[in-house]
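Grab a viewer and work through these exercises one at a time. Try each task before you read its solution.

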Amino acid sequence: MPLLYALRDNLGLHGPRFGCGLGQCGACTVHIEGNAARSCVTPLSAVGKKKVVTLEGLGSPQKLVALQEAFITEQAAQCGFCIGGMIMEAAAFLAHNKSPSEAQIKQALAHNLCRCGTHLRIVRAVKRAAAAA
Amino acid sequence: MLSGKPNRREFLEATGILIVSFSLPCFGSAADAQSATLPKTVALDEVDAFLAIASSGLVTLYSGKVELGTGVGTALTQIVADELDVPPSRIEVVEGDTATTPAQGKTWGSLTIQVGGVQIRQAAATARQALLQEAGKRLGAAAGDLVVEKGVVRARGDGKQISYGELIGGKNFALKIDQQAPLKDPANYKIVGQPIPRFDIPPKVTGQFTYIQDFKLPGMLHGRVVRPPAIGASLQSVEEKSVNDVAGLVKVIHQGNFLGVVAESEWGAIRAAQKLKASWSNWEGLPEQSHLWEYVRATKINKDDVTSNVGNAEQALEQAAKRVSATYNFAIHSHGSMGPSCAVAEFKDGKLTCWSASQATHDLRLQLAAMLSMKDSDVRVIYVDGSGCYGRNGHEDAAADAVLLARAVGRPVRVQWMREDEHGWDPKGPPTLMDLQAGLDGSGHVVAWYSQLYVPEGAGGNVKLVAAELAGLPFEKGMSPGNIINNSAIPYTFPNVRTVAHRLAETPLRPSWIRAPGRMQNTFCNEAFVDEVAVAAGADPLEFRLHYLNDSRGTDLLKRLARFAQWQGRTSQKASSGEVSTGRGTSYVKYELARTYVGAVADVEINRKSGEIRVKHVAIVQDCGQVINPDGVRNQIEGNVIQTVSRTLKEEVTFDRSHVTSLDWVTYPILTFPEVPDVDIDLMERPTEKPWGVGEPSSAVVPSAIANAVFDAVGVRLRSVPFTPAKLRAALQSAST
């Protein structure tokens, strides 16, 4: 069973979302040992004792992390179905690249899909979070 | 920022006193019990259908229009907040529950603010009028001496005050909506027109938001559908024992050609659907995709809709000194929702409740009742937000699937479509073909315009439910592609114009409306051809449009676009010969020739060798009248531009003779981050005008602006969406030979 179903169905988490089940869209992105991973194609058996963090583990409504605050400030969502994956992908990216260029941010998110067309706001939010850090 | 919302206790109080609404299970059975004993009015002419005020002062707005991710939940709140003078944070919105919200029509057509919001505004104005009358009596003051602030009415003279909660809390308004109830003067708006942050974004960025995909009921089972491998195939046999070893399998359900599985766990349902062996008949009823346009042209025409007819276009064409003609087409497209459709259904005591992200819960309720030959009154559909749908995607079909599976197992069932179900079975934006001709006189004036559009017949209505058809249950027979002949007529004042829509008896895949249905495709054809005619007339394309417009808001907009985008007048393309060329093109729409105006200028960069088109920048000027939330409008415009650049450059549903073959994001690619253009927006706010729709109109101008920019860059016309590198290379090659 992929990790995604354990997180959603056994643990009741909403952060990782089912978008394609094929590792193509990024809606299910979580961190495994700090790296962004597609939980829909990660077998649970491969996770073992590795540390998994979902969107809920990043920050809470009471204690938002800079990225979440930046997404709110930039109003970087429409339907928001992809947004959790975007934030998780961006968080892993920013952990390694503290002051990225716009082109680097776009490249880092190149495999996360958004259908509403919120891309420009997402990029602005990631830039804002990087600047705030 | 205004992100504070009523807490749960207040919300229960509000809903518990007057009526009960939201039936997410987290609010418990007390609410459910009350809803059974306190039927709430949903009549469109009653204030109580739309608004309730609790003794705490908390306002509940009941909206038949729903939040599809476009921000209307916040915008509708702003309308009510301003009209009632209540802080937005003291307003809760209940959307799309058929038992508690009025049937305001589908959430489509960029009409939620323009129509739904205006209804809600009038209900709020009526409520305010009644509240002030009552306050005047209680405070012993004349209505003109009362002021309202934060839901508290105060007499100017002696300063006595009384809150809305004290005035109405615990009671119904019992009032018809008064169309004469005075609306607030727009000059006094404090909340309308402000970029108030959306209420749904904080929970969406923290994982607290409940989408339909997250919705659970006690005892709920998980279902998956197994669709025919060929669209029209018949189910011949099912080997139930092929899934005997799936842990937690509850049942294999087959009825006619409807096949599904139900299991205790979601993964169990997925495994069972993957492993289930079934044999199906062969079916090859689809046309050859490589001959799609010949097929469309050869399809039986059931009727002609003449969408405009001025003078005698055919005769004027014959007599014209110069003629231009071209054929344009726009491929079959999918909605492409990021989250595959999902729904939950439960039968209890002979009644059906279905939780769905449908954009039309009130209509879905009737469809589900018809499918099962149940009484309408025994079916309730409750809206829960879903992934963006951009029209009629698979949400309603997933609902019908869940209903059939829940009925078969006698327990609540959640059906989650897989990616291939959504890409394969969501209804599609139908193929669009248009032939255009124009005639010019000896001095370059346009004397005739004649277009013939080939699109399936049908209009809005309800799209047939896949499950109903497969299972042999009652379903709608006709096609419902949306009002796709809109914007086939043109905004320009040529002396002879005839625009005809040939309505076809059939189309390859089940059609429905995708964002800006018809308006996007038809505006592509018309506005790209206008560019061709402008070139034939030796005119700058923007000046050309201005010359033939007789509409002051339209000309205001185009002049502003010229300044905003720093448009340099030109009379022919500057086509260079290097490997990389740049160009810019413009486009214009008056949406449905009746409302929101949009103008665009697109900048493209072309690689002649690879045929790749990069849209670098799009400038948009929009006049949608009164703006409720300018940041919400900008968000929609950015989204429309990016989604439509994606449609224009990349998207095309592919199929063989049996079924759709573009079943994932590799075979149906959409625009990615490195490919998105920058978007600059100039909003022409007109606070004293009517608020017009913004959800779709800016989609309409994008494909033609790109096509015209490509011509500017390399001198070839792309007349077939999507503009793939192969098509551009072929066009460049044929132009050079």
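**Exercise 1: two packed helices in chain A**

Task: find how closely the axes of helix 4 and helix 6 (residues 119-132) of chain A come, and at what angle they cross.

Solution. Step one: the two axes come within 11 Å and cross at roughly 40°. Axes here are lines fitted to C-alpha atoms, for helices over the stretch in contact, with angles from 0 to 180 degrees between N-to-C directions. Helices (H or I, at least four residues) and strands (E, at least two) are DSSP runs, numbered from the N terminus.

Step two: pick out the contact residues (contact means heavy atoms within 4.5 Å). Helix 4 of chain A brings A:Ile83, A:Met86, A:Ala90 and A:Leu94, while helix 6 of chain A brings A:Ile122, A:Val126, A:Ala129 and A:Ala130.

Step three: sort them by class. The tally for this contact is eight nonpolar, no polar and no charged residues. Ala, Val, Leu, Ile, Met, Phe, Trp, Tyr, Cys and Pro count as nonpolar; Asp, Glu, Lys and Arg as charged; the others, Gly among them, as polar.

A word on the source: this is a predicted model, where local features need pLDDT of at least 70 and side-chain atom pairs count only at pLDDT 80 or more, while totals for chains, interfaces and linings use all residues. Residues are numbered from 1 along each chain as its sequence is written, chains are lettered from A and ligands numbered from 1 in the order in which they are written, and side-chain values use heavy atoms, leaving out hydrogens and water.

**Exercise 2: the sheet beside helix 4**

Task: work out the strand order of the three-strand open sheet in chain A.

Solution. Step one: the order is 2-1-3, with antiparallel pairing (two strands pair if DSSP finds at least two bridges between them). Strand 2 (35-38) and strand 3 (52-53) of chain A are the edges, each pairing on one side only.

Step two: count bridges. Strand 1 (residues 29-32) of chain A is joined to strand 2 of chain A by four, and A:Ile32 stands opposite A:Asn35.

Step three: add the helix. Helix 4 (residues 83-96) of chain A lies across strands 1, 2 and 3 of chain A, at about 35° to strand 1. In the loop between helix 3 (66-73) and helix 4 of chain A sits A:Gln75, a non-glycine with a positive phi of about 50°.

**Exercise 3: a helix with a bend in chain B**

Task: where does helix 5 of chain B bend?

Solution. Step one: helix 5 (residues 112-139) of chain B has 28 residues and reaches 37 Å from first C-alpha to last, close to the 40 Å expected at 1.5 Å a residue. That expected span is 1.5 Å times one less than the number of residues.

Step two: the bend, about 25°, is at B:Val118. It is the angle between axes fitted to the seven residues ending there and the seven starting there.

Step three: just after helix 5 of chain B, B:Gly140 has a positive phi of about 65°.
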